[in-house]
Amino acid sequence: MKRLPATTVYYGLNFVLRMPTWVVMAVYLVRELHLSPLQLVLMGTAMEAAVFLFEVPTGVVADTYSRRLSLIIGYLGMGASWVAVGVVSAPWLIIALWAVWGFAYTFTSGAEQAWITDEVGVDNIGTIFLRAARYGQAGAVVGLLLQVAVGTASLRAGVILGGAFTIACGLACIALMPETGFRRRPRAERGSALAEMRTTAVAGARYAWAAPVILLLIGVELFMGASSEAFDRLKEAHFLRDVGLPAAGHLDPVVWFGVFWLAGMLLNIASIGSLIRRVERGDRRVVSRFLFGFTSLELAAMLLFALTGSTWLAIAGLLGVFFARNMAGPLYDTWLNEQITDSSVRATVLSLTGQSNAIGQAAGGPVLGAVGNAWGIRASLAGGAAAIAPALGLFARAIARHGREPELEQLPATAVVD
């Protein structure tokens, strides 16, 4: 079968990979399985612990052997784990399966961005990341409608459908994904498998260590990871147990959460076009300044969501967090990829940021979960919002350094290692 153009595959993956929605999964975990706040957070913590352990090794696999192979393994594993969560009921098994999901995810983290950057070139990647985000938001809308429709009849079936979407991506990559930008070293120049992976891992770590902006961006992910865990796991429970849902229409909770996600996606789709134009017209500092602004908005919106007693203000805070995160994500990926000029360590360096995020979530998640059990979900969510403040400080330092110094990242990885 003929391979498709890389951008077509990338946009298609972003569309389909965003179709599995956490909304149906979250309602299933809370309403049918009755997981406690601590169990919900531990589910995320187990996943992030797996990411911490395997993020860099699997990134090294992508840099050493094949980004395409790494993505296929990851998508198939993530989809299978998601489907399995819809089949079982024991909380301990749900937590274990989500750790498997995290392990599979590490094969895609870093490899996906590294693959498309190699295929199209780093100079074109900013607008491609933003356009892919638009496709992803459209896919999230379609997936949300499908899964909510199925979930109103059977939450288990809705969860299983979400996993099937991701499995389909892995199968599509086998048949359609090209890989022309990645070059594996000739066999005569390669050592054993373990030696090759060790060499790549050391080169990537030293490359990041020698690059001040990359180090600061890795630090940002530590605090953003600590912040996100409480919000990601407890936002639905906050509505169901603390704030309440709107009385209008007497809709099923899964429908209300679907409406919230749909509103958030439509808001981003409507806004991202103007951001693409600003990035295309501006210099590279535009990316970093917008990123700082959206992160500040996320902090304010998360605090509003945590502390307000009004259902409608909580919805506004929720939509604000959705909007800020979805706009900031491709900007962060763009800024980070621009700092990595040596393709041979790209996936490994990107995986270091994922590992930092995982450390933040694994360390902060249980603490915030325990806070939720002791003082309520509001306190847990507010603590998560507060964790964003140090990330803003690191962003400010990175912006200042990026504007006044020529970056060491422009050196090849071999020069950094030597």
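**Exercise 1.** Is Lys 235 buried or exposed, and at what relative accessibility?

*Solution.* The model is predicted, with local features requiring pLDDT of at least 70 and side-chain atom pairs counting only at pLDDT 80 or more, while totals for chains, interfaces and linings use all residues. Residues are numbered from 1 along each chain as its sequence is written, and side-chain values use heavy atoms, with hydrogens and water left out. Start from the cut-offs: buried means under 20% relative accessible area, exposed over 50%, and partly exposed in between (1.4 Å probe, protein chains only). Lys 235 has 5% relative accessibility and therefore counts as buried. Its salt-bridge partner is Glu 236, at 3.5 Å from N to O, and Glu 236, at 3%, is buried as well.

**Exercise 2.** Determine which parts of the chain the salt bridge between Asp 118 and Arg 346 links.

*Solution.* A salt bridge requires a side-chain nitrogen of Lys or Arg within 4 Å of a carboxyl oxygen of Asp or Glu, and for Asp 118 and Arg 346 the N to O distance is 3.8 Å. Asp 118 belongs to helix α6 (residues 111-120) and Arg 346 to helix α14 (residues 346-375), 228 residues apart; helices are DSSP runs (H or I, at least four residues), numbered from the N terminus. Asp 118 is buried at 16%, and Arg 346 is buried at 4%. Finally, a network of salt bridges links these two residues with Arg 67.

**Exercise 3.** Classify the accessibility of Arg 325 and of Asp 232.

*Solution.* Arg 325, with a relative accessible area of 23%, is partly exposed, whereas Asp 232, at 18%, is buried. Their side chains form a salt bridge of 2.6 Å, N to O.

How values were computed
Helices (H or I, at least four residues) and strands (E, at least two) are DSSP runs, numbered from the N terminus.
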